Amino acid sequence: MEIAAECEHRMEPVLVTPSQPTPGHTLYLSNLDDQCLLRFSVEYLFVFAGDVDVDALRTALSRVLVDYYPLAGRLGPGNDGKLVVDCNAEGALFEEGFLPGLTAGEFLRGSAIAKPHESWRKLLRGAEEQSFLDVPPLVVQVTRLGCGGTVLCAAISHCLCDGIGAAQFLHAWARVAKFEAADHHVAPFHDRGVLRPRCPPRVAFEHQEYAINSLPGDGDPAVTPSLFVGPLAPVSLTFTGAHVQRLKDRCAPWLEECTSFEALAAHVWRAWVRSLGPPSDLRVKLLFTVDIHRRVKPGLPEGYCGNGFVLACAESTARQLAAPSGEHHAARLVRAAKEMIDDDYVRSTVDLLELRRDAMPDLSASLVISAWTRIGLEDLDIGAGRPVHVGPLTSETYCLFLPVVDDPRGVTALVSVPEAAAERLEDRCLHGLDDMHDVENDEQ
C-alpha cells in the first residue's frame with residue numbers, strides 16, 4: 001500500500017530525556033547483543049482506530065525512561081572493539097506528524113494486512129541516518145490520521161533488546177501513559193553478565209547457522225549464487241487458525257505433538273524454496289530464533305532486557321524439500337534444530353561470537369524466520385484501544401510471523417522475495433488450505 005500524501009511536521013523533533021536522574025555508566029552488551037547480525041533498529045508499526053494524547057504520551061516516555069534508561073543512551077565502540085551503551089541520558093528522539101489524507105482502515109484489506117511500501121518511511125522520520133551508530137537507540141513518531149486514528153512507529157536498536165524486551169518496554173510505556181499501577185509488573189533487568197563468554201572460549205558445535213552455503217563439489221563456497229536476484233516484492237500471507245490447525249494435522253502422523261510454529265515454519269520454508277527454484281543439489285537453510293530464557297542454566301533473570309535468543313538452523317537440499325514428502329521432512333528438521341538449543345549450545349554460540357566478532361549467517365540461500373507472535377504486541381494499548389494493525393515499517397528478505405488481530409491462533413507471514421517469485425510463493429503457501437482434502441498429491 002502506497003501512502004501518497006505527505007506527512008506534515010509542525011515542529012522539530014525533540015529529545016525526550018528521563019524525568020529523573022538515572023545511572024551514568026557504560027553498559028556491557030553480550031556477544032548475542034552486539035553481533036553483526038543485529039546492528040540495526042527494529043522498526044515497529046502500530047495502527048490505532050482512536051486518537052491519543054500526544055503530550056501525555058511524550059510525558060509518559062520521559063517517565064518510563066527512568067527504568068529503561070539505556071534506551072536514552074548512545075551506542076558506541078568499547079575499548080575491545082565491542083559495542084557498549086553510554087548511559088548518558090541524552091534522550092530518545094520523539095516526533096509528531098499529521099497525515100490527514102490517510103485512514104486507519106487503509107491498513108486493512110479484507111483478511112490480509114497491507115504490504116509495507118517504501119512510502120511508509122514518512123511515518124518514522126529520524127531513523128534513516130547513514131551510520132547505525134548515528135541513530136539513537138529509540139526513535140518514535142506519533143502520526144495523527146484524518147480519520148481520528150493514530151499511527152505509532154518505534155525504531156528500537158536490536159543491540160539493546162529483542163522482541164520480548166521491546167514488548168516489555170512498550171507495554172510499560174503504555175501503562176504509564178494510562179496512569180495504570182505497576183504493582184504486579186516486572187522491573188527491567190539490564191545487566192548482561194549472565195551471558196559473558198567462558199574463559200577460555202570453547203566452541204563445542206559446528207554452528208551451521210554461521211557457515212557458508214555451498215553446492216556439492218564447490219571449491220570456493222563463496223561463489224554460491226544468491227537466490228535473491230532482481231527487484232524484491234513483499235508477500236503477505238495470512239494463515240487463519242483453521243489453516244494452522246490443518247498444517248499441524250498434516251504433520252501429525254510423522255511428528256508427535258507438532259507445534260503451530262513447527263508446522264507453519266516447515267510449510268513456509270518449503271513453499272519459499274519451491275517458489276525460488278534453486279538448483280536441486282543446493283543446500284538451503286532455515287534459520288529461526290529460539291528463546292533461551294529458560295534454556296540456559298540458570299535461566300535468564302526475570303525482566304531481562306537484552307537479546308535472549310540464538311539462531312537454530314535446519315538444512316536440506318532443495319530436492320528433498322520439493323519432494324512430495326518434503327513438508328514432513330521439513331517439520332522434522334525444524335523440530336530437531338529447535339531441540340539442539342540447550343545451555344551448552346547457547347554457551348558455545350556466545351564463545352563462537354567472542355572468537356569471530358565478524359561472524360554472520362550466509363543469507364544467500366537461507367530463509368530467516370522471526371516470530372512476533374505470543375509476545376503481546378497485538379495487545380498494546382497506548383490510550384486508543386488495541387491496535388487494528390501490527391507489523392514492521394518495512395518488509396525484508398527475512399520472514400516475520402505476525403499476530404492476526406481478532407484471530408489469536410492465526411499468523412501472518414510477511415517476507416520479500418524476487419518479484420518473479422512473489423505470485424508463486426503466495427500460491428504455494430495458500431493453495432489447498434481451504435479445502436478439506438489433502439492436496440499433497442497435486443504438488444508435482
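Which residue is the bridge partner of F46 in β15? In this predicted model, that partner turns out to be V390. The pair belongs to a longer match-up: β3, which covers residues 41-48, runs antiparallel to β15, and four bridges link the two strands.

Zooming out, β3 and β15 sit in an open sheet built from six strands. Reading across, the order goes β1-β6-β9-β10-β3-β15, and the pairing is mixed. At the edges are β1 (14-16) and β15 (389-392), each of which has a pairing partner on one side only. On average, neighbours in this sheet are turned by 20° against each other, if direction is ignored.

Now for the helices that go with this sheet. Helix α1, made of residues 54-64, lies across β1, β6 (92-99) and β9 (138-145). Against β6, helix α1 runs at about 165°. Helix α2 (residues 163-177) packs on the sheet too, touching β3, β6, β9 and β10 (150-157). The directions of α2 and β10 make an angle of about 135°.

What about the cysteines? The disulfide count comes to zero, and two residues help to show why. A disulfide needs two cysteine sulfur atoms within 2.5 Å. For C87, the closest cysteine sulfur is in C305, and at 12 Å it is too far away for a bond. C159 has its closest cysteine sulfur in C36, but the distance is 9.4 Å, so a bond is ruled out here as well. Both residues are tucked away from the surface in the accessibility sense: C87 counts as buried at 3% relative accessibility, and C159 is buried at 0%.

Key: Residues numbered from 1 in each chain as written. Predicted model: local features only at pLDDT ≥ 70, side-chain atom pairs only at ≥ 80, totals over all residues. Heavy atoms only, no water. Pairing = 2+ DSSP bridges. Axes fitted to C-alpha atoms, helices over the stretch in contact; angles between N-to-C directions. Contact = heavy atoms within 4.5 Å. Buried < 20%, exposed > 50% of the residue type's maximum accessible area, 1.4 Å probe, protein only.
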